[in-house]
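Please open the structure in your viewer and set it to a cartoon display, so that each stop on this tour can be selected in turn.

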Amino acid sequence: MPDVQPRLTTQSIFLIGPMGAGKSTLGRLLAADLKRPFYDSDLVIEERCGASIPWIFDLEGEAGFREREAQMIDELTQQEGIVLATGGGAILRPENRQHLRERGVVIFLRTTLTQQLARTRKDRHRPLLQTADPKAKLAQLREEREPLYQATAHLIIDTDQRPPRQVMMDIKQRLLELDLTTLGAQ
Ligand SMILES: Nc1ncnc2c1ncn2[C@@H]1O[C@H](COP(=O)(O)OP(=O)(O)OP(=O)(O)O)[C@@H](O)[C@H]1O
Ligand SMILES: O=C(O)C1=C[C@@H](O)[C@@H](O)[C@H](O)C1
Ligand SMILES: [Mg+2]
């Protein structure tokens, strides 16, 4: 495949999607490939607080975490030319959705429930999954959030049955197509 990099959008790229979709994994890969700064809002929140996400949930509840997350989304989306992996619930607040959609290209990394479960099976770091029935929790979150991911995204990429590098090549190809469409519309 030819190197499409020089023609890719110069806008920031924001990755959204549910837990286990691969936002952090793909974001890091894509940023390295495009030689852009990479941020993971979950990690930046942890660095700023000096506390892990489970600890923040314990001390401040989910509401406290969402407040920190909203501040971080607002701050990070103001940067130009970055790749940002968001947390799975970053699309819950209307202001977050607006910032993401207006300040960059938003990519929804979509995955099946089965894959999500497989990818998060051994997880101890996602507070919302530390329940007796993580499958039911993931299913409930999907139902609540799927319309929000769809409404926020400029592009939707399926990540199932494809290794991260291949998903990354798909993202680059789709970004190139988006650029051409946008240019054609001018
Ligand atoms: N395309 C893929 N194929 C196979 N495994 C993948 C793929 N993408 C991610 N993974 C694996 O799935 C796990 C979860 O991925 P990752 O942490 O990137 O998800 P996330 O979308 O950032 O989740 P969260 O919303 O909780 O931050 C990791 O172990 C990662 O290696
Ligand atoms: O889906 C969610 O609500 C979350 C996903 C993770 O990325 C973290 O932001 C946190 O564990 C909450
Ligand atoms: Mg992540």
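Begin with the whole protein chain, which belongs to a predicted model, and follow the chain along its sequence, where the pattern reads β-α-β-α-α-β-α-β-α-α-β-α. Counted by type, the secondary structure of the protein chain comes to 7 helices and 5 strands. While the whole chain is still selected, note that its C-alpha atoms fill a box of roughly 50 × 35 × 30 Å along the principal axes. A compact globule with 186 residues would have a radius of gyration near 16 Å, and because the protein chain has 16 Å, the two agree.

Next, colour by confidence. The protein chain averages a pLDDT of 92, and 93% of the residues score at least 70, but if you select residues 1-6 you will find a stretch where pLDDT stays under 50 and for which the model has 5 contacts beyond four places in sequence. For the complex, the predictor gives an ipTM of 0.97 and a pTM of 0.94.

Now select the strands. In what order do the 5 strands lie in the open sheet? Going across, the order is β2-β3-β1-β4-β5, and the pairing is parallel. At the edges you will find β2 (38-40) and β5 (155-158), each of which has a single partner strand, so one side of each is left without a neighbour in the sheet. Neighbouring strands of this sheet are turned against each other by 20° on average, if direction is ignored.

Zoom in on β2 and on strand β3 (residues 83-85), which run parallel and are joined by 3 bridges; here D40 stands opposite A85 in β3. Adding α1 to the selection shows a helix that packs on the sheet, where α1 touches β1 (13-16), β2, β3 and β4 (105-110), and the direction of α1 makes about 170° with that of β3.

From α1, move on to ligand 1, which is surrounded by 19 residues, the closest being G22, S24, T25, G88 and R119. Which helices each supply at least two residues of this shell? They are α1 (23-34) and α7 (164-185), and the largest share, 3 residues, comes from α1. By class, the shell around ligand 1 has 6 nonpolar, 8 polar and 5 charged residues.

The last stop is ligand 2, and the residues to select around it are M19, D42, I53, G87, G88, G89, R126, P127 and L128. This shell has 4 nonpolar, 3 polar and 2 charged residues. Finally, select G88 once more, since G88 is among the closest residues to ligand 1 and is also one of the residues around ligand 2.

Conventions: Residues numbered from 1 in each chain as written. Chains lettered and ligands numbered in written order. Predicted model: local features only at pLDDT ≥ 70, side-chain atom pairs only at ≥ 80, totals over all residues. Near = placed C-beta within 6 Å. Helix = DSSP H or I, 4+ residues; strand = E, 2+ residues; numbered from the N terminus. Nonpolar A, V, L, I, M, F, W, Y, C, P; charged D, E, K, R; others polar. Pairing = 2+ DSSP bridges. Axes fitted to C-alpha atoms, helices over the stretch in contact; angles between N-to-C directions. Contact = placed C-beta atoms within 7 Å. pLDDT = per-residue confidence, 0-100. Rg over C-alpha atoms; globule rule 2.2 N^0.38 Å.
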